[in-house]
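Reader: I've got a new model up on my screen and I'd like to talk through its charged pairs. Can you walk me through them?

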Amino acid sequence: MDVEGPSILSGNGAQSVESRSRPVRRHLDDAVYQFTQQNLPACKPVLTPAWVISMFFLIGVIFIPIGLLCLYASESVIEIVDRYDIDCVPDNLKSQKVAYIKDNSVSKNCTRYLKVPQNMKAPIYIYYQLDNYYQNHRRYVKSRSDKQLLHGLQYNDTSSCNPEGENNGLPIVPCGLIAWSLFNDTYSFFNGADAIKVNRKNIAWRSDREHKYGKDVYPFNFQSGPLIGGATLDPNIPLSDQENLIVWMRTAALPTFRKLYGKIEVDLEEGDLIMVNLVNNYNTYSFGGRKKLVLSTTSWLGGRNNFLGMSYVTVGSSFIFLAFVFLLLHVKNPRPYGDTNLSWNWKGMSN
């Protein structure tokens with residue numbers, strides 16, 4: 001009895017489960033059949049002239065206010081843009097800019113003055129802007145090793161980083177042309193006699209800091225070759241904490257781009273004269289590039305960019321214009337609906 005009892009119950013249980021599963025399987029088969037035979041319920045709107053004209057008007061009425069709101073948010077952003085690559089070259093060396101930037105014996109210090117046009121509320125973002133700089137060049141973009149950035153010397157294959165993969169037979173960390181060309185101009189700010197503190201923390205994406213750069217990976221053999229590209233890195237700080245490198249390694253798609261340098265966390269008042277002491281180290285003269293310093297606030301939409309707002313206004317205006325055109329054509333030359341031309345409607349019309 002002890003042996004047969006469970007087998008009977010299990011058999012009845014299996015039968016009940018099977019009986020319950022049959023409607024589910026049948027319903028699933030019916031759904032698959034309807035899907036494969038294209039018998040599922042579908043909405044088939046009748047595109048009458050009134051319906052089309054109304055939809056065009058509605059889209060235009062919705063898009064134009066959204067575009068104007070985006071433009072208002074963009075215009076509320078306050079920016080100070082200062083190009084300094086030309087003015088920071090001594091007058092006697094303006095005809096020899098490349099020789100000037102390569103000569104380490106010549107001072108690269110430069111002082112600039114920026115007048116605040118309107119009240120700027122913190123945080124104020126500091127960007128450096130580079131023009132005519134093609135970070136999207138195929139060989140440049142591929143010259144890096146993401147596995148090495150995460151694992152360091154544990155990953156020895158630096159073939160993708162050529163020509164900056166090794167030096168004196170030892171691997172370079174971080175390797176590649178992108179890291180080698182790290183931007184190395186520096187800025188310090190003063191409001192009168194008071195220094196303005198620049199926060200350079202949390203300027204990189206948190207996902208990059210936590211998942212793409214190793215917390216125990218340190219620079220090794222970096223910028224130690226005969227040809228120095230850009231900035232050096234502190235060998236005692238892990239790559240995950242060197243956020244200037246992380247920002248630079250996220251390459252730009254267009255030849256004109258901005259990268260975040262830091263943040264000013266105090267308000268600037270209208271009329272303040274900000275003194276900027278900068279070191280003009282980075283060589284953009286060899287390829288006709290330009291360098292600019294940008295101070296900018298933000299809005300709920302981000303930085304200043306009129307493209308999104310103009311796009312909404314343009315699309316909305318186009319739809320309203322087309323709606324008027326369709327309305328005039330419909331009033332001037334109305335067309336009968338297609339179903340009046342069907343053969344079974346002719347008899348009714350003739351009677």
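**Salt bridges and membrane spans**

Author: Sure. This is a predicted model, and in it Asp-85 and Arg-83 pair up through their side chains in a salt bridge, 2.8 Å from N to O.

Reader: Is Asp-85 buried or exposed?

Author: The cut-off for buried is under 20% relative accessible area. Asp-85 has just 1%, so Asp-85 is buried.

Reader: And what about its partner, Arg-83: buried, partly exposed or exposed?

Author: Partly exposed covers the range between 20% and 50%. Arg-83 has a relative accessibility of 35%, so Arg-83 counts as partly exposed.

Reader: How many residues apart are Asp-208 and Arg-250?

Author: These two form a salt bridge, with the closest N and O atoms 2.9 Å apart. Asp-208 sits in helix α7, while Arg-250 is in the loop between α8 and β9, so the pair links distant parts of the chain. Their separation is 42 residues.

Reader: Which helices does the salt bridge between Glu-243 and Arg-209 tie together?

Author: The closest N and O atoms of this pair are 3.9 Å apart, and both residues are buried. They are 34 residues apart in sequence, with Glu-243 in helix α8 and Arg-209 in helix α7.

Reader: Where does UniProt place the "transmembrane region" feature, and how far apart are the end C-alpha atoms of residues 307–329?

Author: The unreviewed UniProt entry puts the feature at residues 50–73 and 307–329. Residues 50–73 are 100% helix, with end C-alpha atoms 35 Å apart. Residues 307–329 are also 100% helix, and there the distance is 33 Å.

Notes: Residues numbered from 1 in each chain as written. Predicted model: local features only at pLDDT ≥ 70, side-chain atom pairs only at ≥ 80, totals over all residues. Heavy atoms only, no water. UniProt positions renumbered as here; feature names shortened; annotations may be inferred. Helix = DSSP H or I, 4+ residues; strand = E, 2+ residues; numbered from the N terminus. Salt bridge = Lys/Arg side-chain N within 4 Å of Asp/Glu carboxyl O. Buried < 20%, exposed > 50% of the residue type's maximum accessible area, 1.4 Å probe, protein only.
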